[in-house]
Amino acid sequence: MASAATGAAKPGLLLLRRTDATFIAALRARFRVHDFYASGAALPDYLTAAAAEPDPPRTALVVAGGAILVDAAFLDAVPSVGCVVTTGAGVDHVDLAQCARRGAGEIFSVDVADHAVGLLIGVLRRVAAADRYVRAGLWPAQGDYPLTTKLSGKRVGIIGLGSIGSQIAKRLQAFGCAISYHSREPKAFAPYRYLPDAHALAADSDALIVACALNDATRRIVGRCVLDALGPNGVLVNIARGVNVDEQELVAALQEGRIAGAGLDVFQNEPHVPPELRDMDNVVLTAHEAVFTEESRANLQELMIGNLEAFFSGKPLLTPVLPP
Amino acid sequence: MTPPAAGADAKPLVLLSQPSDSGLTPVMEGQFRFVLAADADAATAAEARVLFVPGLRPVTADLIDRLPALELVSTISVGLDHVDLDACRRRGITVTNAGATFSVDSADYVVGLVVAVLRRVAAADAHLRRGSWATDGDYPLATKVSGKRVGIVGLGSIGSLVARRLAAFGCPVAYHSRAPKLPPCPYTFFPTVRALAADSDVLVLACALTEETRRVVDREVMEALGAGGVLVNVGRGGLVDEPELVRCLREGVIGGAGLDVFENEPDLPVELLDMDNVVLSSHKAVATVESIRGVLHTVSGNLEAFFAGRPLLSPVAL
């Protein structure tokens with residue numbers, strides 16, 4: 001465990017994410033923090049300076065969705081780094097092959113699963129659209145909102161049955177939904193039906209939920225063919241990465257009624273949302289917030305510190321990611 | 001089916017208490033002769049044994065007493081607060097409702113409202129549609145659903161389906177009911193709504209509106225629910241003291257609300273229209289294509305059974 005006796009005794013940490021004062025204080029109590037954003041330096045200079053220290057940092061704390069990639073160039077610049085701790089379910093910003101001999105911590109949240117189910121109910125039952133309808137005074141003026149469609153019992157297909165996908169499945173089972181999934185490989189103990197590709201899954205689903213990591217195999221895994229297979233009564237929910245879906249094809253499919261609706265927390269080019277979606281009542285749009293609640297932010301911070309402390313005391317990491 | 005009398009219309013007569021909001025199935029129109037009660041002449045009124053209530057407009061003692069042959073009142077709704085049940089009891093009239101037909105969709109919608117309020121889904125959606133994500137940045141943090149303590153008022157068919165769904169989100173579930181449910185009910189019973197509210201983060205109203213439950217959610221209950229608490233109502237607007245609810249939301253006595261029903265639909269307190277910690281809905285928790293089809297099936301089943309002298313599908317104990 002890091003000693004708090006003198007500053008020099010604290011282990012070094014590269015901090016490459018924006019965060020709040022409470023968390024920085026918690027980190028500084030335990031580590032010698034090299035704060036990238038506070039330094040104002042260019043990334044190569046920042047890394048070189050850290051590497052040049054007598055006791056260069058062995059850990060880096062990064063974040064998914066940011067501009068910083070932990071790739072070969074990064075790791076070559078600071079060869080002392082032996083542990084990369086990241087948050088956000090994805091690790092597409094970390095070159096896992098390069099990190100293969102080093103530990104990496106990854107975390108997820110049940111909040112993403114809660115949000116995915118909320119988006120699905122929102123699309124099928126038009127929760128947000130009805131809220132807008134009432135606020136616009138249309139209930140007395142135009143009468144009841146049109147009928148929507150039942151969620152319970154619908155066939156749900158989940159792309160990616162990792163922690164998030166499994167939590168989504170568990171919740172939707174309580175609604176009597178029939179769950180199927182597609183994954184790189186079938187999961188040995190998953191009690192759900194496996195389909196060998198996303199197209200077959202979509203063809204057999206009323207709702208398709210994208211919950212997979214972003215990598216070369218899953219970039220645009222939902223494209224025109226999969227959307228057509230999902231069909232005019234099918235809905236799409238994406239809480240993974242915008243780039244898992246061909247956004248142009250999605251917009252076209254929605255405009256042409258080739259799918260029935262979509263619930264989207266992520267987009268190809270955040271924070272920009274395709275303007276065509278803004279007038280559609282059969283879509284629900286949220287600002288990449290599936291993981292972000294007050295509670296999960298606090299949990300994330302505890303987990304990041306927990307992983308770092310485990311690394312420095314030679315104990316097993318709390319949430320390691322296995323290399324591909 | 002009763003055999004046709006010589007020279008008379010073969011189809012049994014069914015009076016309608018109001019025009020039908022959701023249409024009648026072709027099947028029903030093929031089987032029964034529907035006449036609007038307000039249009040019925042004296043002979044028709046004297047003959048009518050069945051009154052179908054295809055909406056929520058009041059069915060008064062006055063109307064019931066104008067129908068001397070009335071034996072059955074069949075509603076399209078689950079709730080019966082708009083029907084004068086005392087008059088039905090007095091006359092020995094049987095009442096059927098929608099039974100459990102709407103329960104699943106109501107329960108699904110409750111969960112949708114819970115997530116929408118806690119996670120600010122509707123407000124975030126509005127934020128994005130205004131283009132504010134690019135200009136104003138991320139929407140403020142919401143709060144977690146999983147693990148929130150859920151208190152359900154009324155553990156009937158809707159309440160128990162809500163319980164099952166939210167339990168799958170990892171929410172501990174408790175309830176208040178007229179009497180505790182027999183084991184193996186896995187949820188904690190509270191003897192009063194106030195005590196339930198004090199121990200809940202989310203209070204769900206899924207009970208019938210009766211004289212006992214009118215305004216059961218008052219200031220005291222809302223204070224017990226507390227500043228972080230959320231109220232979700234898919235029962236009836238009359239279960240809540242509505243002006244007090246508006247005050248409690250405005251003053252931060254409670255944290256938010258998901259409201260599908262109001263005291264005076266389709267009108268609702270204008271103050272609610274500007275609040276972003278509420279999600280509003282136009283009494284549509286039950287309103288899916290599947291459930292409307294289902295309830296018309298239930299109604300026609302009840303009517304057929306009645307005219308054939310068979311047991312009714314969904315009679316209500318008065």
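## A tour of salt bridges, a sheet and two cores

Begin in chain B by selecting B:D125 and B:R129, which form a salt bridge whose closest N and O atoms are 2.5 Å apart. This is a predicted model, so please read each distance on the tour as a computed value. Both residues belong to helix α6 (residues 121-129) of chain B, where they sit four residues apart, about one turn of the helix. In general, an α-helix has 3.6 residues a turn, so residues three or four places apart point the same way. Are B:D125 and B:R129 buried or exposed? Both of them are buried.

Stay in chain B and select B:R165 together with B:D108, a salt bridge with its closest N and O atoms 2.8 Å apart. This pair links distant parts of the chain, since B:R165 is in helix α8 (residues 157-167) and B:D108 is in helix α5 (residues 103-118), 57 residues apart. B:R165 counts as buried at 2% relative accessibility, and B:D108 is likewise buried, at 0%.

Next, select B:R219, B:E223, B:E244, B:R247 and B:E251, which are linked with one another in a network of salt bridges.

Now move to chain A and select A:R193 and A:D204, whose salt bridge has its closest N and O atoms 2.1 Å apart. Because A:R193 lies in strand β8 (residues 193-194) and A:D204 in the loop between α9 (198-203) and β9 (207-210), the pair ties together parts that are eleven residues apart in sequence. A:R193 is partly exposed, with a relative accessible area of 42%, and A:D204 also counts as partly exposed, at 28%. Over all chains, a search of the whole structure finds 36 salt bridges.

Strand β8 leads on to the sheet of chain A, so colour its strands in the order β8-β7-β6-β9-β10-β11-β12, which make up an open sheet of seven strands with parallel pairing. Which strands stand at the edges? They are β8 and β12 (283-285) of chain A, and each has a single partner strand, so one side of each is left without a neighbour in the sheet. Further in, β6(A) and β7(A) pair in the parallel sense over five bridges, and here you can find A:I159 standing opposite A:H182 in β7(A). Then show helix α5(A), which lies across β6, β9, β10 (235-238), β11 (261-264) and β12 of chain A and runs at about 150° to β10(A).

Select helix α8 (residues 163-173) of chain A next, and within it A:I164, A:G165, A:I168, A:A169, A:R171 and A:L172, which are buried. These residues cover an arc of only 165° around the axis, which puts them on the same side of α8(A). What covers them includes α5 (110-125), β6 (155-159), β7 (178-182) and β9 of chain A.

Two of these residues, A:I168 and A:L172, appear again at the next stop, the largest nonpolar core, which has 105 residues and in which A:L120, A:I168, A:L172, B:I152 and B:L231 have the most contacts. The largest share of this core, ten residues, comes from α5(B). To look around one of its members, select B:I152, whose contacts beyond four places in sequence include B:G159, B:V162, B:Y175, B:H176 and B:L196.

Finish with a second, separate core of 33 residues, which includes A:I159, A:V226, A:V273 and B:L128.

Terms used: Residues numbered from 1 in each chain as written. Chains lettered and ligands numbered in written order. Predicted model: local features only at pLDDT ≥ 70, side-chain atom pairs only at ≥ 80, totals over all residues. Heavy atoms only, no water. Salt bridge = Lys/Arg side-chain N within 4 Å of Asp/Glu carboxyl O. Helix = DSSP H or I, 4+ residues; strand = E, 2+ residues; numbered from the N terminus. Buried < 20%, exposed > 50% of the residue type's maximum accessible area, 1.4 Å probe, protein only. Arc of directions from axis to C-beta. Contact = heavy atoms within 4.5 Å. Core = buried A, V, L, I, M, F, W, Y, C linked by side-chain atoms within 4.5 Å. Pairing = 2+ DSSP bridges. Axes fitted to C-alpha atoms, helices over the stretch in contact; angles between N-to-C directions.
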